[in-house]
Amino acid sequence: MRTVKPFLCASKHLAPLRWLSKPRNCSNAARASSGEKNKGVSDSFRRQVASGPRFQDFIKSPPVTLAVNCEHTDEHYLSEDLGLLGDARKVYFETYGCQMNVNDTEIAWAILQKKGYQRTADLKQADVVLLVTCSIREKAEQTIWNRLQQLTAMKKKRLKTNSPVKIGILGCMAERLKTELLEREKLVDVLAGPDAYRDLPRLLAAATAGGQQASNVLLSLEETYADIMPVQHASQGRSAFVSIMRGCDNMCSYCIVPFTRGRERSRPVSSILEEVRMLSEQGVKEVTLLGQNVNSYRDTSEVQFCGSERTKLSRGFSTVYRAKQGGLRFSDLLDLVSRIDPDMRIRFTSPHPKDFPDEVLQLIAERQNICKQIHLPAQSGSNQVLKAMRRGYTREAYLDLVDNIKQIIPDVSLSSDFISGFCGETDDDHQQTLSLIREVGFNVGFLFAYSMRKTHAFHRLQDDVVPQVKQRRLEECISVFREEAERVNAAVVGSTQLVLVEGESKRSAEDLCGRTDGNMKVIFPKEDVAVQASASNTAPIRGGGYVLVKILSAGSQSLRGRALSHSSLISTPTPSCDGYK
Ligand code: 5AD
Ligand code: SF4
């Protein structure tokens, strides 16, 4: 997502600025197309078309804008004096949804900071309010619609006090609901889809200088923001997220992500490695590789790594798209990333069960600093539902994979996602999901009631499970999950775990909190402990350090224990199934 060395030429991937004039205004394009204007305009329009986006750029996202700005030349659509620079205007961000959105916020901020904007954590001080939005479920969108109403009321008030504020919608909701957002919420000034953040300075300039609504929701086949350096890592503490790919080609029938975030593309490996090196130099102790489908990572951008091998799917798994060929795979990336700093923990999320070849599992088992924790979204335990969801596997293939994972990584921690009440789900299907949850023994789960989106399922299937039944099934899944998590967690009581300290516990200033290799939260008293295993001198425990913690009790969501000594990943042997001896 960001690194010092640009691998992609920014201008090549820039999508054109799209202008939306307010209804009473006559747009530039409308004037140009009326024909009678000077020839210069039409010449410049022809030049612009020749150098503009390719046909592919429009495939996923037909332009919904009312008019195209005709003034821009190859790269600079607006001159700097139109206000492209931030002039120390203060931007306030609000982020909704997943970790990808947190990452997107930092990308958008890095882009604006370069143009001279400032960031504020105080809404009242803001000149620009940007919401980074989520569309995955209806509830997520409803939250944002409600927030928009509050913000537009604030905007109206601010107009009277002569301190105007601009409102922008970024991310998935901008992509999905472009027209609705601009027409329903007339006070929204800027829309930028997930691949259009580089255009933000221009969009804000247009909204500020011309008082127009400005939008760019074009999806790209290549944008990975590889060269955009994050701004917030250092202050975020000892844990960082590094984006390795964007978009998704899987087209699960319930999921809006392929439509809002576009086609899957991988960030070049060298830029990922540079970012991880930089984070290691800053003292970051845990990196999570981030993407919609991390384990289908393929970097074909660098010739020296290119091979001819096709992506090997896990046994019993299939895809709706052609398997990728050549390039550097996820196992290669994981290997390279984990070699950078042996004292830095490496995690990844979210993978798809289809891409877990043995070499990835073996690498996780062997490499000390790759956490033995795998998120394995199952979604359902019923073959009938899995087929309707277009997940590309059966219950049996999923369970075989779980067996294989447990065999290669005996001490693995597994987490998963499930959807209750998908189209056509019967009580029997639901029982099969409960039995799968019991059979696997996950220690963390993300469970959702199906929320209809405009996807394949919307067009082809019937959302026929009534809300009360969806809710009841969801609650049953949650309660089975809790029971199982309690059982799985109880197994570590009595063991000693290497814990990366996050800081003070939210519940009590007397306690600290940290995470095990398996990503379980551990709470333990704040006290000085031996500087290393058998030393007699002690030192206080600080966030960002590793400590060995004896686990004394377990619940479904966290463990409790007592710190024994300071430690490090390098000095601690790989844990056996019952932790460190
Ligand atoms: N309804 C409910 N849950 C959904 N997810 C994705 N789309 C939907 C939907 N339409 C869940 C899946 C996915 C997680 C990120 O969100 O479980 O793995
Ligand atoms: Fe959505 Fe499926 Fe892609 Fe995950 S793999 S983002 S659930 S389409």
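Visitor: Which polar backbone atom is 3.1 Å from a nitrogen atom of ligand 1, that is, which residue does it belong to?
Guide: The model is predicted. A polar contact here needs N or O atoms within 3.5 Å. The nitrogen of ligand 1 has such a partner at 3.1 Å, in the backbone of Tyr254.

Visitor: How far is an oxygen atom of ligand 1 from an N or O atom in the side chain of Gln379?
Guide: Side chains also reach ligand 1. An oxygen atom of the ligand is 3.0 Å from an N or O atom in the side chain of Arg137. For the side chain of Gln379, the distance from a ligand oxygen is 2.7 Å.

Visitor: What share of the accessible area of ligand 1 does the protein cover?
Guide: On its own, ligand 1 has 410 Å² of accessible area. The part of this covered by the protein is 86%.

Visitor: Which elements give two or more residues to the shell around ligand 1?
Guide: The shell includes Asp417, Ile419, Phe448 and Ala449. Strand E17 spans 413–420 and strand E18 spans 444–449. The elements asked for are E17 and E18.

Visitor: How many charged residues are in the shell around ligand 1?
Guide: Arg137, Asp417 and Arg453 are among the residues around ligand 1. Arg and Asp count as charged. By class, the shell has 6 nonpolar and 2 polar residues, and the charged ones number 3.

Visitor: Over which ring does the charged end of Arg137 sit?
Guide: Arg137 and Phe448 both belong to the surroundings of ligand 1. The charged end of Arg137 is 3.7 Å from a ring centre, and that ring is the one of Phe448.

Visitor: Why is the pair of Tyr254 and Phe422 edge-to-face?
Guide: Both residues are buried. They lie 168 residues apart in the chain. Their ring centres are 6.1 Å apart. Planes over 60 degrees apart count as edge-to-face, and these planes stand at 80°, so the pair is edge-to-face.

Visitor: Which residues form one aromatic cluster with Tyr254?
Guide: Phe422 pairs with Tyr254. Phe422 also pairs with Tyr450, with centres 4.9 Å apart and planes at 80°. Tyr450 sits in the loop between E18 and helix H17. The cluster with Tyr254 therefore takes in two pairs, and its other members are Phe422 and Tyr450.

Visitor: How many nonpolar residues are in the shell around ligand 2?
Guide: Tyr254 is one of the residues around ligand 2, as are Met251, Val257 and Pro258. The shell has 4 polar residues and 1 charged, while the nonpolar ones number 7.

Conventions: Residues numbered from 1 in each chain as written. Chains lettered and ligands numbered in written order. Predicted model: local features only at pLDDT ≥ 70, side-chain atom pairs only at ≥ 80, totals over all residues. Heavy atoms only, no water. Near = heavy atom within 4 Å. Polar contact = N/O pair within 3.5 Å; in protein donor to acceptor, adjacent residues only side chain to side chain. Areas by Shrake-Rupley, 256 points an atom, 1.4 Å probe, with all protein chains shown as cover. Helix = DSSP H or I, 4+ residues; strand = E, 2+ residues; numbered from the N terminus. Phe/Tyr/Trp six-rings, centres within 6.5 Å; stacked < 30°, edge-to-face > 60°. Buried < 20%, exposed > 50% of the residue type's maximum accessible area, 1.4 Å probe, protein only. Lys NZ or Arg CZ within 6 Å of the ring centre and 35° of its normal.
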